[in-house]
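Let's look at a protein model together and ask how its labels are earned. Have the sequence and the 3D view ready.

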Amino acid sequence: MKRLLLPGVVAVLAVASIVLAQVPGPATLRTPSGDRPIAIVQVAGHPFVSAIDVVLALGGTITPESTGFRVTINEQVGAFGPDSRFAVAGEDLIEMPGTPVLIEGRPYVPWQFFQGYLTKAAGLQTSFDAVANILSVRPQQQVAVPMQFNLTQIEDISKIVITLGAPAEYTLVKDGNAYVISFRAPIQAPFTEQTYDDPNVTRVTFAGRDVRIELASAEVAGDSYRLENPFRIVLDLRKGAPGSAGPVPALPQPGMRRPAEPLGIRTIVIDPGHGGKEVGAVGPSGLMEKDVTLSVARKLAALLESRIGARVVLTRDDDSVVSHDQRTALANQYKADLFLSVHMNAAVVKDAKGSETYFLSLEASDELARKAAETENAAESRGSDDDLKLILWDLAHQEYLQESSRFAQAVQEELNRASGVQNRGVKQAPFKVLLGATMPAALVEVGFISNPEEETKLQSDGFQNMMVEALVRAVERYKNEYETRIGLIQPAQQPPPLAGGVAPQQKARSGT
Ligand SMILES: [Zn+2]
């Protein structure tokens, strides 16, 4: 990951140096091969160590860059800068208790930088003894990582999700008719062997640090990626997947996948909220959110396909339960360029009406936004704040946040225009269904199912079509803006005029 440290660093450096007119003192770096002296300084009660001392003692290199410093040990790159509490190790972010400082031109970082970076770079465990001022670096203790294994089928894809108790290094290779995931650390196998009645997977065995996934035939190939919080390895298997002709499909190495060169909005995943026993909100006369969302999503998919020629995938096309994780995992798997989760709102106030659009943020923009997120998240209430402690993930996806916010804005404006209700806007809230989506993503509450008047409207094809039209216009508008911004289309080029501006009422399947 190229993390762009912001400009303006020079000014920050100057200020930092003046404020911290502190004299570094001595400390010790303790490694299995002996002790070395390093310099240390206390900044706001936190020990900051000399990055140069530590890196050189560990046989690495450290070089200044325009915005900070680049560290390399074992060919693993890390970076930090004096403008950010977040450093980088490979593709991971490291949160530190303070921003690095420069003292007499030498960078000092909170020792936690090395804790995060060395784990990744060298499999080393780092701790700090504040009494004796000793930074200890030693090979990681081999604690077996607890692990869960799940195999589910989504359409023709067998989705394997391995959930780990802690992030772990691993490799994934194809070995004949099997995929083998080998972990660097010991694992707590959930079982030794299990057979499956699945079109793509026949048997899974855990042996030592390896998981062996045996495939039903040579045609089965996979695509793999990683999700955070909790740490999960996802392997999607299907017959005749692209790349299966080659001897070994190039499965991604561990690491958060990023989209390659932006190519515009080509694949869109529409997520009809809720499903199955997760009925969502229920209107006064019994209309269920899950049914309206499916109906709207199907119409939206059909119209998006015909209108803008995008490939559209629904996260569910029937009345089934799909977890939040699976929804974004599906979008990632299809390498979607846009993700829209469709919901209906509910409010205690009976006459609440209009649409609301959200994009992901850890901070709810207001109390009501927080409530909305809680309600939508309730389907899978693991209930702990841990799920929301995704600050690292959040920051790593700033680029998506900004795009998501733009997309949400387009959606909200078009829906306001269509419904004539202006009082609601774009909000931010920690919606679980938007977590883990590695593309611009938004969640729209199309209308208030709790309002008897809107409940009646939401059931009608006419109203649904009107909202679907607005959503298509929003996608078109966002797509056009985005593709102009990335230089794919010329600024002057306008989107194709809409035929009469009115929805062709075509082949829209009605919902349940
Ligand atoms: Zn909902």
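The questions below go through a sheet, a helix and two loops of this predicted model.

Q: Why are β4 and β5 called paired strands?
A: Pairing asks for at least two bridges between two strands. Strand β4 (residues 61–65) and strand β5 (residues 68–73) have 5 bridges, in the antiparallel sense, so they pass the cut-off. In this pair, Glu65 stands opposite Gly68, and a hairpin of 2 residues joins β4 to β5.

Q: What makes β4 and β8 edge strands?
A: The open sheet has 5 strands in the order β4-β5-β6-β7-β8, with antiparallel pairing. β4 and β8 (92–95) each have a single partner strand, so one side of each is left without a neighbour in the sheet. On average, neighbouring strands are turned by 25° against each other, direction ignored.

Q: How do you know that helix α3 packs on the sheet?
A: Contact means heavy atoms within 4.5 Å. Helix α3 (residues 111–122) touches β5, β6, β7 (86–89) and β8, and its direction makes about 160° with that of β6.

Q: Why is Glu75 called exposed?
A: Exposed means over 50% relative accessible area. Glu75 has 77%, so the name fits. You can find Glu75 in the loop between β5 and β6.

Q: What is notable about phi in Glu75 and Asn133?
A: Glu75 has a positive phi of about 65° although it is not a glycine. Asn133, in the loop between β11 (124–129) and β12 (134–139), also has a positive phi, near 55°, and is a residue other than glycine.

How values were computed. Residues numbered from 1 in each chain as written. Predicted model: local features only at pLDDT ≥ 70, side-chain atom pairs only at ≥ 80, totals over all residues. Heavy atoms only, no water. Helix = DSSP H or I, 4+ residues; strand = E, 2+ residues; numbered from the N terminus. Axes fitted to C-alpha atoms, helices over the stretch in contact; angles between N-to-C directions. Buried < 20%, exposed > 50% of the residue type's maximum accessible area, 1.4 Å probe, protein only.
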